[in-house]
Amino acid sequence: MQIIRDIAMLRRAVSALQQGGKSVALVPTMGALHAGHLSLVHMGRRVADHVVVSIFVNPTQFGPNEDYAAYPRDEARDAALLAQEGVALLWAPDVATMYPSGHSTHIEVAELGADYCGAARPGHFDGVATIVSKLFNQVGPDIALFGEKDWQQLAIIRRMARDLDFALDILGAPIARDADGLALSSRNAYLSKEQRKAAVVFPNALKAAAKAIAGGADVVQTIARAEADIVEGGFDSVDYVALADPVSLERLHVFKSSARLLAAARIGKTRLIDNMAVG
Ligand code: AMP
């Protein structure tokens, strides 16, 4: 596996991979890889001839009081995992390569970025949309893969790719979960043993709410019950639990098929997100 940190070298390497009409799938990540990331790599290997993974902890998607400095980083371990998985190329630029002095352009997907995690983390999705559009332009993949774990992010990237006419396919991969149901996340590493044990209440409450709503229960009351269960189960606060249209992300107060339950909650200093299909 090649590890590349320079944009000109990256372009040459990707062109070489695409020679003879071969396809390239890009899996953008912030590293600290777990089985959720690797499921994207596996999907990439199924749908394309070559997989390129990027690792970049993007400063512009972290708020001033968030965990940018503390975010787990272990490139050597990540690179070894990716090499084992048959990844062709690891794109691992530094901050100065991504944001040269005077960098002043950003992408805002206004309609989809304001609510949910966008409300709790102002500027977060502008940082995500900007870095993902840069990655698309740098790598030039045929396909890009993202996890459904970050449902709002996936919706925003799909909309951005459509609005800006990016010539690639965006694919979403199902959420990889631990045996007890907690969605895998690099941030799970922050949890103490007790917090990790308690955290199972989060997917459990969402699962129960999704089932109740699909069965005809009142949406507002069911969401309030889920929020209370999450706090009673050991979380410090709930940012939101919401029923949403899966594409427009519009809030729904009445169930319709293919709706998605979206949620974020805080346990200690750790903020976890999750989502589930309803019905
Ligand atoms: P991150 O490194 O957290 O920015 O995530 C990189 C990619 O992996 C994103 O597309 C995420 O949605 C995806 N991802 C993270 N956790 C999971 C998971 N548990 N299951 C599926 N995809 C995931």
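In helix α10, the buried residues (under 20% relative accessible area, with a 1.4 Å probe and protein chains only) are Val201, Phe202, Pro203, Ala205, Leu206, Ala209, Ala210 and Ile213. Helices and strands here are DSSP runs, H or I over at least four residues for a helix and E over at least two for a strand, numbered from the N terminus. An α-helix has 3.6 residues a turn, so residues three or four places apart point the same way.

Before going on: this is a predicted model, where local features need pLDDT of at least 70, side-chain atom pairs count only at pLDDT 80 or more, and totals for chains, interfaces and linings use all residues. Residues are numbered from 1 along each chain as its sequence is written, and side-chain values use heavy atoms, with hydrogens and water left out.

Back to α10. What do its buried residues pack against? They touch α9 (193-198), α11 (219-232), β7 (237-244), β8 (260-267) and β9 (270-277), where contact means heavy atoms within 4.5 Å. The geometry of the helix checks out too: its 14 residues (201-214) should span 20 Å at 1.5 Å a residue, and the end C-alpha atoms are indeed 20 Å apart. That expected span is 1.5 Å times one less than the number of residues. Just past the helix, Gly216 takes a positive phi of about 105°.

Now for the ligand. It is surrounded by 17 residues, the closest being His37, Gly147, Asp150, Ala176 and Leu184; a residue is in this shell if one of its heavy atoms lies within 4 Å. Several polar contacts (pairs of N or O atoms within 3.5 Å) show up. The side chain of Asp150 puts an N or O atom 2.6 Å from a ligand oxygen, a backbone N or O atom of Met30 lies 2.9 Å from a ligand oxygen, and a polar backbone atom of Ala176 is 2.8 Å from a ligand nitrogen. On its own the ligand has 480 Å² of accessible area (Shrake-Rupley, 1.4 Å probe), and the protein covers 92% of that. The elements giving two or more residues to the shell are β2 (24-29), α2 (35-47) and β5 (143-147), with α2 supplying the largest share, 3 residues.

Finally, a look at two other spots. Ala114 sits in the loop between α5 (110-113) and α6 (117-120), and at 54% relative accessible area it is exposed (over 50%). Ser15, in helix α1 (residues 7-18), has its C-alpha 8.8 Å from that of Gly140, 125 residues away along the chain.

Definitions and conventions. A polar contact is a pair of N or O atoms within 3.5 Å; within protein, one must be able to donate a hydrogen and the other to accept it, and residues adjacent in sequence count only if both atoms are side-chain atoms.
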